Amino acid sequence: MIAENLISVTQRIARACEKSGRPPDAVRLVCVTKEAGIEDALAVLSLGVKDLGENRVQELASKYAAIGDKATWHLVGHLQTNKARDAVRISSLIHSVDSVKLAKEIDKEAKKIGKTQDILVQVNASGEATKFGITPDEAVSLIKEISLYPNINIKGLMTIAPEVSDPESVRPYFRALRELRDELSSVPREKGTVPIRGQSPFSELSMGMTNDFEVAIEEGATIIRIGRAIFQK
Ligand SMILES: *Cc1c(COP(=O)(O)O)cnc(C)c1O
């Protein structure tokens with residue numbers, strides 16, 4: 001079942017890329033395993049997937065303990081400051097930075113282990129009250145502030161769209177995230193005023209889940225985070 005699901009998702013990614021004139025390898029698939037067991041996570045890896053995502057640090061740590069470096073790990077869910085250490089130890093990319101306090105903690109933990117931690121800033125593009133993430137305006141000032149942290153690399157932005165039955169209705173949020181990225185990546189790169197330090201292109205857009213990934217790809221997603229469409233039996 002997982003193999004069929006994965007083939008179908010891969011084909012849908014390819015079609016969405018084609019429709020929007022993007023190369024099929026423009027989009028990285030992160031398989032979100034929060035509702036999958038170790039066995040299913042291993043199954044997608046054996047089918048050629050490289051990237052696994054978890055939304056909670058505890059679950060990330062327990063999957064990592066079983067699977068280790070066979071996967072590239074993503075923390076896609078909200079991160080509490082006091083869990084930063086494990087998140088930094090394991091994650092290739094932390095998608096959910098939404099405060100200076102958290103960024104500072106990540107920077108500190110990364111420094112301890114001699115790592116530069118790749119992160120995304122989570123933006124609440126829809127303004128929905130229940131979602132984590134910060135407003136686009138806050139994102140600009142957050143990025144300016146944390147771009148000076150030496151052990152953090154800001155790679156781009158992440159958003160979670162509201163759950164709706166018609167994915168077309170969340171297109172404006174994805175578009176807004178892309179425009180924000182474009183705006184931020186065109187700011188002159190001088191130290192202290194820059195969003196992003198020179199070594200890291202600020203290009204990633206983590207957006208799109210089972211319900212809405214095709215629309216997200218059409219709007220420029222570079223990373224999509226898929227759980228149910230792959231693991232549901
Ligand atoms: C669960 C989760 C996903 C995957 O959601 P599906 O709808 O199962 O594809 C993506 N991103 C985050 C942050 C999640 O928590």
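A residue is taken as near a molecule if one of its heavy atoms lies within 4 Å of that molecule. By that criterion the ligand in this predicted model is surrounded by Val32, Lys34, Asn55, Val76, Ile160, Met209, Thr210, Arg225, Ile226, Gly227 and Arg228. Residues are numbered from 1 along each chain as its sequence is written, and side-chain values use heavy atoms, with hydrogens and water left out. Local features need pLDDT of at least 70, and side-chain atom pairs count only at pLDDT 80 or more, whereas totals for chains, interfaces and linings use all residues.

Several polar contacts (pairs of N or O atoms within 3.5 Å) can be followed around the ligand. A ligand oxygen is 2.7 Å from a side-chain N or O atom of Lys34, another contact places an oxygen of the ligand 2.8 Å from a polar backbone atom of Gly227, and a ligand nitrogen lies 2.9 Å from a polar side-chain atom of Arg225. The protein covers 92% of the 390 Å² of accessible area that the ligand has on its own, as computed by the Shrake-Rupley method with a 1.4 Å probe.

The space taken by the ligand is the largest pocket, where a molecule sits in a pocket if more than half of its atoms lie within 2 Å of its grid points. A pocket is an open set of points on a 1 Å grid over the protein atoms alone, where a 1.4 Å probe fits, with protein on both sides within 12 Å along at least five of seven lines, and lining residues have an atom within 4 Å of a point. Its volume, the space filled by probe spheres set on the points, is about 570 Å³.

Methods:
Polar contact = N/O pair within 3.5 Å; in protein donor to acceptor, adjacent residues only side chain to side chain.
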